[in-house]
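Me: I am new to this structure. Please show it to me, and then let us go through it in short questions.

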Amino acid sequence: MTDAPFRLSLTLDRNLVKGLAVSSIAGVVLAFTGAFGMTGAPFLHRLIYWVPLMIGGAVWGHVCSQIIERWIDFDRKPWLGALVLTAAMSVPLTFVVWGYTVFLFEHGRHPAVGRLVYFFIPVTVVTGVMSVLNIFLQRAPVQTHAAPVGGAPARFLDRLPPKLRGAAIRAVESEDHYLRIHTDRGSDLILMRLSDALTELKGLEGAQTHRSWWVARNAVRAVSRGEGRATLTLDGGVEAPVSRRYAKALREAGWY
């Protein structure tokens with residue numbers, strides 16, 4: 001089942017929402033400061049220029065990161081991820097910025113293609129800064145908590161396949177477009193993204209330990225360390241990695 005073809009999704013998951021928020025704020029700041037020689041333009045004009053470009057760049061960056069993360073682990077190599085992400089985004093965005101600039105400031109006149117080179121460096125600078133910010137701002141793990149007495153159970157429990165209904169969830173592992181649910185009655189796959197599952201796991205005590213793992217806190221039986229990262233051993237012998245990205249926050253929360 002894990003060989004399903006790769007499909008992109010623009011569902012408003014947490015990473016995309018964060019990226020849109022950061023990019024919108026950055027667009028306002030760039031407009032306010034008149035960045036890249038735009039101080040002569042009215043503020044409203046600058047705002048109409050920068051904010052849509054930054055939001056569009058955030059969406060394109062989200063698409064690129066979904067693809068790049070299939071080959072580069074942003075948890076272990078955030079700087080390499082930022083470099084590759086910047087390179088992948090900059091070339092097509094240069095054409096977009098060039099065309100939008102002509103449309104907005106030059107009344108639709110078609111400029112010489114040679115002017116593209118003057119857009120590449122500033123586009124690369126902005127894209128690089130935003131890539132680094134978004135990769136490093138997404139370093140806090142999602143932690144879920146047990147439902148209060150009398151509260152509604154976690155919605156994710158309704159996702160369990162019939163053979164696992166009523167089982168205690170030990171971990172949820174992302175496998176391509178599927179999730180492998182590890183329980184005290186075995187494991188099985190369901191078609192779902194981890195980013196969506198994290199919302200529905202609220203009501204169960206646990207945390208994201210890796211970009212591909214959520215672990216139930218009461219399932220942890222041992223912790224081992226090696227090669228600069230930790231591994232959690234769960235009931236049943238399942239081993240869940242703890243990425244460098246989340247290690248500090250989980251230590252501070254008393255996980256190990």
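Me: Is Glu200 buried or exposed?
Reply: This is a predicted model. Glu200 is found in helix α5. A residue is buried when its relative accessible area is under 20%. For Glu200 that area is 10%, so Glu200 is buried.

Me: Which residues is Glu200 in contact with, leaving aside its neighbours within four places in sequence?
Reply: Glu200 belongs to helix α5. Its contacts beyond four places in sequence are Ala154, Arg155, Phe156, Arg159 and Met192.

Me: Which residues have the most contacts inside the largest nonpolar core?
Reply: As a rule, in soluble globular proteins nonpolar side chains tend to be buried together. Here the largest nonpolar core has 31 residues. At least two residues of this core come from each of β2 (169–175), β3 (178–183), α5 (194–200), β6 (213–216), β8, β9 and α6 (244–252). The residues with the most contacts inside this core are Phe156, Val172, Leu179, Trp214, Val215 and Leu234.

Me: Which element gives the largest share of this core?
Reply: Several elements each supply at least two residues, among them β2, α5 and α6. The largest share is four residues, and its source is β6.

Me: Which residues does Val215 touch, not counting residues up to four places away in sequence?
Reply: Val215 is one of the residues with the most contacts inside the largest core. Among the residues that Val215 touches are Arg170, Ala171, Glu205, Gly206, Ala207 and Thr209. The others are Val220, Leu232, Leu234, Ala240 and Trp255.

Me: How many residues are in the other core?
Reply: This other core lies apart from the largest one. Its members include Ala35, Ile68, Leu116 and Met130. Its residue count is 27.

Me: What is the order of strands in the open sheet of six strands?
Reply: Pairing in this open sheet is antiparallel. The strand order is β1-β5-β6-β2-β3-β4.

Me: Why is one side of β1 and of β4 left without a neighbour in the sheet?
Reply: β1 (143–144) and β4 (186–191) stand at the edges of the sheet. One side of each is free because each has a single partner strand.

Me: Which residue in β5 is the bridge partner of Thr144?
Reply: β1 and strand β5 (residues 206–210) run antiparallel. Two bridges join them. The partner of Thr144 in β5 is Gly206.

Me: What angle does the direction of α6 make with that of β5?
Reply: α6 packs on the sheet. There α6 touches β1 and β5. The angle between the directions of α6 and β5 is about 150°.

Me: Which residue in β9 is the bridge partner of Ala230?
Reply: Strands β8 (residues 229–234) and β9 (residues 239–242) pair in the antiparallel sense over four bridges. Their hairpin has four residues between the strands, and Gly236 has a positive phi near 85° there. In β9, Ala230 is partnered by Val242.

Me: What value is phi of Asp176 near?
Reply: Most residues other than glycine have a negative phi. Asp176 sits in the loop between β2 and β3. At 33% relative accessibility, Asp176 is partly exposed. Its phi is positive, near 60°.

Me: Why is the pair of Phe36 and Trp50 tilted?
Reply: The structure holds four aromatic pairs. In the pair of Phe36 and Trp50, the ring centres are 6.0 Å apart. The planes stand at 35°, so the pair is tilted.

Me: How many residues apart in sequence are the parts that this pair ties together?
Reply: Phe36 lies in the loop between α1 (14–33) and α2 (43–68), and Trp50 lies in helix α2. Phe36 is partly exposed at 46% relative accessibility, whereas Trp50 is buried at 7%. The parts tied together are 14 residues apart.

Me: Which residues form one aromatic cluster?
Reply: Tyr49 and Tyr100 form a stacked pair, 5.8 Å centre to centre with 15° between the planes. Tyr49 lies in helix α2 and Tyr100 in helix α3 (residues 78–105), so the pair ties together parts 51 residues apart in sequence. Tyr49 is buried at 6%, whereas Tyr100 is partly exposed at 21%. The cluster is formed by Phe36, Tyr49, Trp50 and Tyr100.

Me: What percentage of the residues of the chain count as buried?
Reply: The chain has six helices and nine strands. Of its 256 residues, the share that counts as buried is 46%.

Key. Residues numbered from 1 in each chain as written. Predicted model: local features only at pLDDT ≥ 70, side-chain atom pairs only at ≥ 80, totals over all residues. Heavy atoms only, no water. Pairing = 2+ DSSP bridges. Phe/Tyr/Trp six-rings, centres within 6.5 Å; stacked < 30°, edge-to-face > 60°. Buried < 20%, exposed > 50% of the residue type's maximum accessible area, 1.4 Å probe, protein only. Core = buried A, V, L, I, M, F, W, Y, C linked by side-chain atoms within 4.5 Å. Contact = heavy atoms within 4.5 Å. Axes fitted to C-alpha atoms, helices over the stretch in contact; angles between N-to-C directions.
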